[in-house]
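User: I should like to go through the architecture of this protein step by step. Please reason briefly before giving each answer.

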Amino acid sequence: MKSLRHGVTFVCTALALVIVGILFSHNAVVAQAAKVDGGLSKVSKIYHSTLSSKKIQLYWDDEEGLADGYQYQVYSAQSYDNQRVTAGRTTETNVVVNVSKRAFYKVKVRPYIYVNGKIEYGQYSKWYYFSQDIVPTLKCNNRGIQVKHKPIEGATFYTIYATTKKNAKLESYVRVGRTNGHAMTIKKYKNSALKKNTKYYFYVVAEKQIGNTIYLGNPSSIRSMTYK
């Protein structure tokens, strides 16, 4: 009789463990599904940096850290073209993409998780527009300082900023010109003519307008020249 009671206890314990295991597995699947349906947020912020003329690194924030990986799609964003450049998946929050020309591109990213061995995707982020960094060159002429750079295909216009202070923060620079070409002579700084024997620092930003929204490229490298 005693051994029978032990046998019944063992069976009940084993059955309880099986039930707990089933419930745990079910809850895990429900939790994974919840990540996609309600908890797996969109990628909200995307950034980029230029590694070379043909390589750009894209990276993004994952505030929740719930995703198993990310799917990305990169398209050209010139006015006459909208072709897919590359696409893929990564388990990192960054990827290096190859680009063939100096132009604006756009990327969208979405997170994914594995549920029962299958990939479940979250929603795509908004399009993020980016281009290679601009490298301006400066030249004095009898009208002012010419700021010139190679064109970025798909750019709507270029905005030029300047300051007279070395190591100034970019936010303190003053907008001194905007053009849809890739060269412009700057004649004035803060509504006054450029001063002789004064050193000016410049940077340029390529901008792309889509409807009423303007997307900014990265600020160019800073270049300086003394006006003579």
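User: In what order do the strands of the open sheet that contains β10 follow one another?
Analyst: The model is a predicted one. In this open sheet of 3 strands the pairing is antiparallel. Strands β9 (137–140) and β13 (183–186) each have a single partner strand, so they stand at the edges and one side of each lacks a neighbour in the sheet. Neighbouring strands are turned by 25° against each other on average, direction ignored. The order is β9-β10-β13.

User: Which residue of β13 stands opposite Val 147?
Analyst: Strand β10 covers residues 145–148 and runs antiparallel to β13, with 4 bridges joining the two. In β13, the residue opposite Val 147 is Met 184.

User: Which strands stand at the edges of the sheet that contains β1, β2 and β5?
Analyst: These 3 strands form an open sheet in the order β1-β2-β5, and the pairing is antiparallel. An edge strand here has a single partner strand, so one of its sides is left without a neighbour in the sheet. The edge strands are β1 (46–52) and β5 (94–98).

User: How many bridges join β1 to β2?
Analyst: Strand β2 spans residues 55–60 and runs antiparallel to β1. Across this pair, Tyr 47 stands opposite Tyr 59 in β2. The number of bridges joining the two strands is 6.

User: Does Gln 71 count as buried or exposed?
Analyst: Gln 71 lies in strand β3, which comprises residues 69–76. Its relative accessibility is 15%, and the cut-off for burial is under 20%. Gln 71 therefore counts as buried.

User: Which side chain joins that of Gln 71 in a polar contact of 2.6 Å?
Analyst: Leaving aside residues up to four places away in sequence, Gln 71 touches several residues, among them Gly 88, Lys 108, Arg 110 and Tyr 124. The side chain of Tyr 124 makes a polar contact with that of Gln 71 at 2.9 Å. The polar contact of 2.6 Å is made with the side chain of Arg 110.

User: What percentage of the contacts with a separation of 6 or more is accounted for by residues 24 or more positions apart?
Analyst: The protein has 1 helix and 18 strands. Of its 228 residues, 35% are buried. Residues 24 or more positions apart account for a share of those contacts equal to 62%.

User: What part of the accessible surface belongs to carbon and sulfur atoms?
Analyst: The accessible surface of the protein comes to about 13800 Å². The part belonging to carbon and sulfur atoms is 52%.

Key. Residues numbered from 1 in each chain as written. Predicted model: local features only at pLDDT ≥ 70, side-chain atom pairs only at ≥ 80, totals over all residues. Heavy atoms only, no water. Buried < 20%, exposed > 50% of the residue type's maximum accessible area, 1.4 Å probe, protein only. Contact = heavy atoms within 4.5 Å. Areas by Shrake-Rupley, 256 points an atom, 1.4 Å probe, with all protein chains shown as cover. Polar contact = N/O pair within 3.5 Å; in protein donor to acceptor, adjacent residues only side chain to side chain. Pairing = 2+ DSSP bridges. Axes fitted to C-alpha atoms, helices over the stretch in contact; angles between N-to-C directions.
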